[in-house]
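Student: I would like a close look at one part of this model, a single residue and what surrounds it. Please start from the residue itself and work outwards.

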Amino acid sequence: MHNIQFDTIPSKLIIERLIKAFREGFCKERLAYSFIYTMAKSIITLSRKHNTNTIACSGGVFQNSLLVSILSRLSKNHKIKLKLNCKLSANDENISFGQLMYFQNIKN
């Protein structure tokens with residue numbers, strides 16, 4: 001699953017590959033790790049494709065310590081800075097805060 005090229009996160013392809021791997025007998029732990037790694041890799045790939053060197057991580061998904069750990073490692077390899085919630089909740093109520101920050105900093 002790790003070598004997917006894309007412009008958006010190909011969720012259908014990822015799910016199809018997970019189902020195929022499950023049917024081939026891969027253990028659930030390996031499938032779960034592979035899925036989370038693919039999500040982290042997708043974030044880095046899209047960031048690099050769009051020449052973004054800072055990623056703001058907000059929302060409940062970033063409470064997943066494995067995702068944050070993998071994303072941190074990959075971001076260092078590509079000299080991308082991660083912004084993680086420290087003063088605000090990491091829950092989904094901060095998705096709107098992230099959207100506001102994006103809107104305020106968008107380049108026209």
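Tutor: Take Ser75, which has a relative accessibility of 3% and therefore counts as buried, the cut-off being under 20%. This is a predicted model, and the values below are computed from it. Ser75 sits in helix α3. Leaving aside residues up to four places away in sequence, Ser75 touches Ile44, Ile80 and Leu82.

One of these partners, Ile44, leads to the packing of two helices, since Ile44 of α2 and Ser75 of α3 both belong to the contact between α2 and α3. Helix α2 covers residues 28–49 and helix α3 covers residues 65–77; their axes are 9 Å apart and make an angle of about 45°. The two helices are therefore oblique to each other, and α2 passes α3 in a right-handed crossing. On the α2 side, the contact is made by Tyr33, Ile36, Tyr37, Met39, Ala40, Lys41, Ile43 and Ile44. On the α3 side, Ser75 is joined by Leu66, Leu67, Ile70, Leu71, Arg73 and Leu74. By residue class, this contact consists of 12 nonpolar residues, one polar and two charged. Ser is classed as polar, whereas Lys and Arg are classed as charged, so the one polar residue of the contact is Ser75 and the two charged ones are Lys41 and Arg73.

Next come the loops that follow these helices. Between α3 and β2 (81–84) there is a loop that contains Lys79. The phi of Lys79 is near 55°, a positive value in a residue other than glycine. Most residues other than glycine have a negative phi. Unlike the buried Ser75, Lys79 is exposed, because its relative accessibility is 74% and the cut-off is over 50%. A positive phi is also found at Asn51, near 50°, again in a residue other than glycine. Asn51 belongs to the loop between α2 and β1 (54–57). With a relative accessible area of 71%, Asn51 is exposed.

Finally, the cysteines. Cys57 has a relative accessible area of 2% and is buried, while Cys27, at 40% relative accessibility, counts as partly exposed. The count of disulfides, taken as cysteine sulfur pairs within 2.5 Å, comes to zero.

To return to the starting point, Ser75 is a buried residue of helix α3 that takes part in the contact with α2 and also touches Ile80 and Leu82.

Conventions:
Residues numbered from 1 in each chain as written. Predicted model: local features only at pLDDT ≥ 70, side-chain atom pairs only at ≥ 80, totals over all residues. Heavy atoms only, no water. Axes fitted to C-alpha atoms, helices over the stretch in contact; angles between N-to-C directions. Helix = DSSP H or I, 4+ residues; strand = E, 2+ residues; numbered from the N terminus. Parallel < 35°, antiparallel > 145°, perpendicular 65-115°, else oblique. Left-handed = near helix turned anticlockwise from the far one by under 90°. Contact = heavy atoms within 4.5 Å. Buried < 20%, exposed > 50% of the residue type's maximum accessible area, 1.4 Å probe, protein only.
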